[in-house]
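Thank you for making room for this on the agenda. I would like to go through one structure with you, and I suggest that we keep it on the screen while I talk.

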Amino acid sequence: YRSKLAGLCGNFDGEQTNEYEGPREEIYKSPKEFCLSYMVPSEQCKAEGRKQPVMRNIMITRLNDRNEEQACFSKTPVAQCPEDSKKAKSEVRSMEFHCLLKELQSTQKMMELHKTKPLGDKLQGKSTDLVQ
């Protein structure tokens, strides 16, 4: 069964670097966020008023050394509260970001896509341009 498994049990390929591979082939560093990436929304939770976190990449903008505007995406998705939620607590941690020129059409597409799903497969293996 080597390399033929998937999901919460891992893929059994013998590589610990990709042990926490999410459903969209994104690699998580945190076991908690890895587990959250496999969570299936439940109608029962909605009925009970519970809100489930969503896995999304963080996006920030900045000016690079040439004064060009960039969009920087966290290389790993993180659990975030749904938009209609009230924040109860937050956590500060260091994140790696990959930055792209904001004016590019491909960057504009990623900016829209990051609002709807994790960008795992789009950022795997990309350089780290910013740590924040």
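**Aromatic rings, an open sheet and a pocket**

Let me begin with Phe-34, which has a relative accessible area of 3% and is therefore buried, since the cut-off for that word is under 20%. I should say at once that this is a predicted model, and that what I report has been computed from it.

Which rings does Phe-34 pair with? Ring pairs join Phe-34 with Tyr-20 and Tyr-38 into a cluster, and a search of the whole structure finds two aromatic pairs. In the pair of Tyr-20 and Phe-34, the ring centres are 5.2 Å apart and the planes are at 40°, so this pair counts as tilted. That pair links distant parts of the chain, because Tyr-20 belongs to the segment before helix H1 (31-37) while Phe-34 lies in helix H1 itself, with the two positions 14 residues apart in numbering.

The pair of Phe-34 and Tyr-38 has its ring centres 5.6 Å apart and its planes at 80°, and as this angle is over 60 degrees the pair is edge-to-face. As for exposure, Tyr-20 is partly exposed, with a relative accessible area of 29%, and Tyr-38 is likewise partly exposed, at 24% relative accessibility.

Let me turn now to the sheet, which is open and is formed by four strands in the order S2-S3-S5-S6, with antiparallel pairing. Which strands stand at its edges? They are strand S2 (59-63) and strand S6 (130-131), each of which has a single partner strand, so that one side of each is left without a neighbour in the sheet.

Between S2 and strand S3 (residues 69-74), which run antiparallel, there are five bridges, and if you would like a place to look, Thr-61 stands opposite Ala-71 in S3. Helix H3 (residues 105-113) packs on this sheet, where it touches S2, S3 and strand S5 (96-101), and the direction of H3 makes about 45° with that of S3.

My last topic is the largest pocket, for which the computed volume is about 800 Å³. It is lined by 22 residues, and the closest to its centre are Ala-79, Gln-80, Lys-89, Ser-90 and Glu-91. Which elements give two or more residues to that lining? They are strand S4 (78-80) and H1, and H1 is also the helix in which Phe-34 lies, which brings us back to the residue with which I began.

Technical notes: Residues numbered from 1 in each chain as written. Predicted model: local features only at pLDDT ≥ 70, side-chain atom pairs only at ≥ 80, totals over all residues. Heavy atoms only, no water. Phe/Tyr/Trp six-rings, centres within 6.5 Å; stacked < 30°, edge-to-face > 60°. Buried < 20%, exposed > 50% of the residue type's maximum accessible area, 1.4 Å probe, protein only. Pairing = 2+ DSSP bridges. Contact = heavy atoms within 4.5 Å. Axes fitted to C-alpha atoms, helices over the stretch in contact; angles between N-to-C directions. 1 Å grid on protein atoms, 1.4 Å probe; cavity = no way out; pocket = protein on both sides within 12 Å on 5 of 7 lines; lining within 4 Å. Points joined across faces, edges and corners; volume = space filled by probe spheres on them.
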